[in-house]
Amino acid sequence: QLTILILRVITKYPHLRYYQGYHDVAVTFLLVVGEDVAFQIMERLSTDHLKECMEPTMDKTSYLLNYIFPLIHRLHPALCEFLDRSGVGTMFCLPWFLTWYGHSLNRYRDVVRLYDYFLASPALLPLYLVATIVVHRQDEVFRTDCDMASVHCLLSNLSDDLPFEKLLQEATELYEKFPPESVEAEVKERCKREVLRRQQEDAMRKALVSKRARANNPSWVRRLRAWHVPHYKLILFTASIAFGFYAYLRGTPDAIDFVPR
């Protein structure tokens, strides 16, 4: 039934792309309301709330995830600065957003409660919930080493005792106070800095590879290789011309006296 449900949506909207985690959303509705109603829900979500996730690439999804940092900064500037220094990025909450937390929570009642709330909420509310969850866990974060691996390991695991009713209320209030358009400029600036950082890292990596290559190949070896390839071709070409001319002379009666015997 799950496969049929997913195929019904993808077949009706061929421009949509299945992503890893889509089945977590689909199976939850399938179990709660059955195939027919689940199809209607998934059809609507796939063309609305989840449409950016169903693009051919993850570029738009990655862009949306960057909303969490301006929101965390609004709630707790010091915590946001700590997360930035750690370099944790946004990957820790990617499965939360893609699956509406369904893949990351152990308790079924928490999953269906969040799904019920998200159905009646704006599309980006799951990201506002990310911000409130991270701030709620600030004490744990500050006790963790400020490095990417440690912070990612901590945040990517959701505990079973999170007070979701309180967190959902806080997320809704945060959305009303700071709607997406109010932080969009910061998101764009953050994405630009991230692109620049990656370009700098790529340039440094290429420079390091080039430096190692030069160290493994002394200058005289490089000059020999540079001379060898074109000169080898020139010698081969000259020899071919010489042999061809010799064969021509051998086959020409008037030139017999010029051919050595």
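At what angle do the axes of helix α2 and helix α8 cross? The answer is roughly 95°, in a model that is predicted. Helix α2 covers residues 22–33, and helix α8 covers residues 108–119. Their axes come within 11 Å. The crossing angle makes α2 roughly perpendicular to α8, because angles from 65 to 115 degrees fall in that class.

Which residues make this contact? Helix α2 brings D24, V25, T28, F29, L31 and V32. Helix α8 brings Y108, V111, V112, Y115 and L119. By class, nine of these residues are nonpolar, one is polar and one is charged.

Now step back to the whole chain. It has 14 helices and zero strands. Read along the sequence, every element in the pattern is therefore an α, from start to end. The chain holds 261 residues, and buried residues make up 38% of them. Its accessible surface comes to about 15,900 Å². Carbon and sulfur atoms account for 59% of that surface.

How much of the contact set links residues 24 or more positions apart? Among contacts with a separation of 6 or more, the share is 74%.

A second helix pair can be read in the same way. Two packed helices are described by the angle between their axes and the distance between the axes. Helix α5 spans residues 68–75, and helix α6 spans residues 77–86. They pack at an angle of about 140°, with their axes 5 Å apart. That makes α5 oblique to α6, because roughly antiparallel begins over 145 degrees. From α5, the residues that meet α6 are F69, I72, H73 and L75. From α6, they are P77, L79, C80, L83 and D84. This contact has seven nonpolar residues, one polar and one charged.

C80 leads on to the cysteines. Is C80 buried or exposed? C80 counts as buried because its relative accessibility is 4%, under the 20% cut-off. C146 has 30% relative accessibility, so C146 counts as partly exposed. How many disulfides does a search of the whole structure find? The search finds zero.

Next, look at single residues, starting with L127. L127 lies in helix α9, which runs over residues 125–136. Its relative accessible area is 0%, so L127 is buried. Which residues does L127 touch, leaving aside neighbours within four places in sequence? They are L64, L65, Y67, I68, L71 and F97. F97 is 30 residues from L127 along the chain. The C-alpha atoms of L127 and F97 are separated by 6.8 Å.

E43 is a charged residue to set beside L127. E43 sits in helix α3, residues 35–46. Is E43 buried or exposed? At 15% relative accessibility, E43 counts as buried, because the limit is under 20%. Beyond its neighbours within four places in sequence, E43 is in contact with V9, K12 and Y13.

D145 lies in a loop. This loop runs between α10 (138–142) and α11 (148–155). D145 has a relative accessible area of 53%, so D145 is exposed. Which contacts does D145 make, again leaving aside neighbours within four places in sequence? D145 is in contact with F82, S150 and V151. S86 is 59 residues from D145 along the chain. The C-alpha atoms of D145 and S86 are separated by 8.3 Å.

The last stop is a matter of backbone angles. Most residues other than glycine have a negative phi. What is the phi of W100? W100 has a phi near 55°, a positive value in a residue other than glycine. Y101 also is not a glycine, and its phi is positive at about 70°. Where is W100 found? W100 lies in the loop between α7 (94–99) and α8. Y101 is found in the loop between α7 and α8 too. W100 has 1% relative accessibility, so W100 counts as buried. Y101 counts as buried because its relative accessibility is 0%. This loop leads back to helix α8, whose axis crosses that of α2 at roughly 95°.

Technical notes. Residues are numbered from 1 along each chain as its sequence is written. This is a predicted model: local features need pLDDT of at least 70, side-chain atom pairs count only at pLDDT 80 or more; totals for chains, interfaces and linings use all residues. Side-chain values use heavy atoms; hydrogens and water are left out. A disulfide is a pair of cysteine sulfur atoms within 2.5 Å. Buried means under 20% relative accessible area, exposed over 50%, partly exposed in between (1.4 Å probe, protein chains only). Helices (H or I, at least four residues) and strands (E, at least two) are DSSP runs, numbered from the N terminus. Contact means heavy atoms within 4.5 Å. Accessible areas come from the Shrake-Rupley method with a 1.4 Å probe; for residues, only the protein chains shown count as cover. Axes are lines fitted to C-alpha atoms, for helices over the stretch in contact, and angles run from 0 to 180 degrees between N-to-C directions. Angles under 35 degrees count as roughly parallel, over 145 as roughly antiparallel, 65 to 115 as roughly perpendicular and the rest as oblique.
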